[in-house]
Amino acid sequence: MDAVVIDRLEAFDPGGLMDCLERDPSHACGGGAMVAVLDAARSLGAEVCTVLRYADSGDQGSRDKSRVVGYVSAALRGPA
């Protein structure tokens with residue numbers, strides 16, 4: 001499920017992310033806020049979304065990957 005969110009972030013596609021969230025809201029906790037930030041950033045001139053890091057809760061502690069929560073950081077910027 002995290003790959004769907006990351007794919008839409010890398011494509012800087014807030015509409016596509018919203019479509020994914022409407023089909024399955026469990027794709028992202030706080031997904032609506034991510035869509036709002038992407039839309040606002042675009043209106044302010046951002047054109048690129050770069051995923052900086054992805055990890056999940058299984059990457060720390062027990063290393064149990066059977067049930068995890070994902071975390072992603074991304075940077076939004078204007079034209080190069």
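These are my notebook entries on a predicted model of one protein.

**Overall layout**

I began with the secondary structure, which comes to 3 helices and 2 strands. Reading along the sequence, I noted the pattern α-α-α-β-β. I then took the extent of the C-alpha trace, which spans about 40 × 30 × 15 Å along its principal axes. For burial, I looked up the share for the whole protein: of its 80 residues, 28% count as buried.

**Salt bridges**

I asked how many salt bridges the rule gives. The count comes to 2. I recorded that side chains of opposite charge can pair when their charged atoms come close.

The entry for aspartate 7 has this residue in a salt bridge with arginine 8, and the closest N and O atoms are 2.6 Å apart. For the other bridge, I found the side chains of aspartate 13 and arginine 8 meeting at 2.5 Å, N to O. The shared partners join Asp7, Arg8 and Asp13 into one network.

I next checked whether the members of this network are buried or exposed. Arginine 8 has a relative accessible area of 18%, under the 20% limit, so I list arginine 8 as buried. Aspartate 7 comes out as partly exposed, at 40%. Aspartate 13 is also listed as partly exposed, with a relative accessible area of 24%.

**Phenylalanine 12 and arginine 42**

I looked up phenylalanine 12 next and placed this residue in the loop between H1 and H2. Its relative accessibility is 4%, so phenylalanine 12 counts as buried. I noted a phi near 45° for phenylalanine 12, a positive value in a residue other than glycine. As background, most residues other than glycine have a negative phi.

Which charged end sits over the ring of phenylalanine 12? I found that of arginine 42, at 4.3 Å from the ring centre. I also searched the whole structure for aromatic pairs and found 0.

**The largest pocket**

I turned to the largest pocket and wrote down a volume of about 320 Å³. The lining holds 15 residues, and those closest to the pocket centre are Asp2, His27, Ala28, Val69 and Gly70. I asked which elements give two or more residues to the lining. They are helix H1 (2-10) and strand S2 (70-77). Sorted by class, the lining has 11 nonpolar, 3 polar and 1 charged residues.

I followed up alanine 28, one of the residues closest to the pocket centre. Alanine 28 lies in the loop between H2 and H3. With a relative accessible area of 13%, alanine 28 falls under the cut-off and is therefore buried. I then took the C-alpha separation of alanine 28 and alanine 74, which comes to 14 Å for residues 46 apart along the chain.

**Methionine 1 and two partners**

I located methionine 1 in the segment before H1. At 54% relative accessibility, methionine 1 is over the limit of 50%, so I entered this residue as exposed.

I compared the position of methionine 1 with two other residues. Aspartate 24 is 23 residues away in sequence, and its C-alpha lies 9.5 Å from that of methionine 1. Proline 14 is 13 residues away along the chain, with 16 Å between its C-alpha atom and that of methionine 1.

Where is aspartate 24 found? I placed aspartate 24 in the loop between helix H2 (14-23) and helix H3 (31-43). Its relative accessible area is 27%, so aspartate 24 is entered as partly exposed.

**Glycine 45 and arginine 77**

My last entry concerns glycine 45, which lies in the loop between H3 and strand S1 (48-56). Glycine 45 counts as partly exposed, at 33% relative accessibility. I checked the C-alpha separation of glycine 45 and arginine 77 and found 7.8 Å, for a pair 32 residues apart along the chain.

Note on methods:
Residues are numbered from 1 along each chain as its sequence is written. This is a predicted model: local features need pLDDT of at least 70, side-chain atom pairs count only at pLDDT 80 or more; totals for chains, interfaces and linings use all residues. Side-chain values use heavy atoms; hydrogens and water are left out. Rings of Phe, Tyr and Trp (its six-membered ring) pair if their centres lie within 6.5 Å; planes under 30 degrees apart count as stacked, over 60 as edge-to-face and the rest as tilted. A charge sits over a ring if NZ of Lys or CZ of Arg is within 6 Å of the ring centre and within 35 degrees of the ring normal. A salt bridge is a side-chain nitrogen of Lys or Arg within 4 Å of a carboxyl oxygen of Asp or Glu. Buried means under 20% relative accessible area, exposed over 50%, partly exposed in between (1.4 Å probe, protein chains only). On a 1 Å grid over the protein atoms alone, a cavity is a set of points where a 1.4 Å probe fits but cannot get out, and a pocket is an open set with protein on both sides within 12 Å along at least five of seven lines; lining residues have an atom within 4 Å of a point. Grid points are joined across faces, edges and corners, and a volume is the space filled by probe spheres set on the points. Helices (H or I, at least four residues) and strands (E, at least two) are DSSP runs, numbered from the N terminus. Ala, Val, Leu, Ile, Met, Phe, Trp, Tyr, Cys and Pro count as nonpolar, Asp, Glu, Lys and Arg as charged, and the others, Gly among them, as polar.
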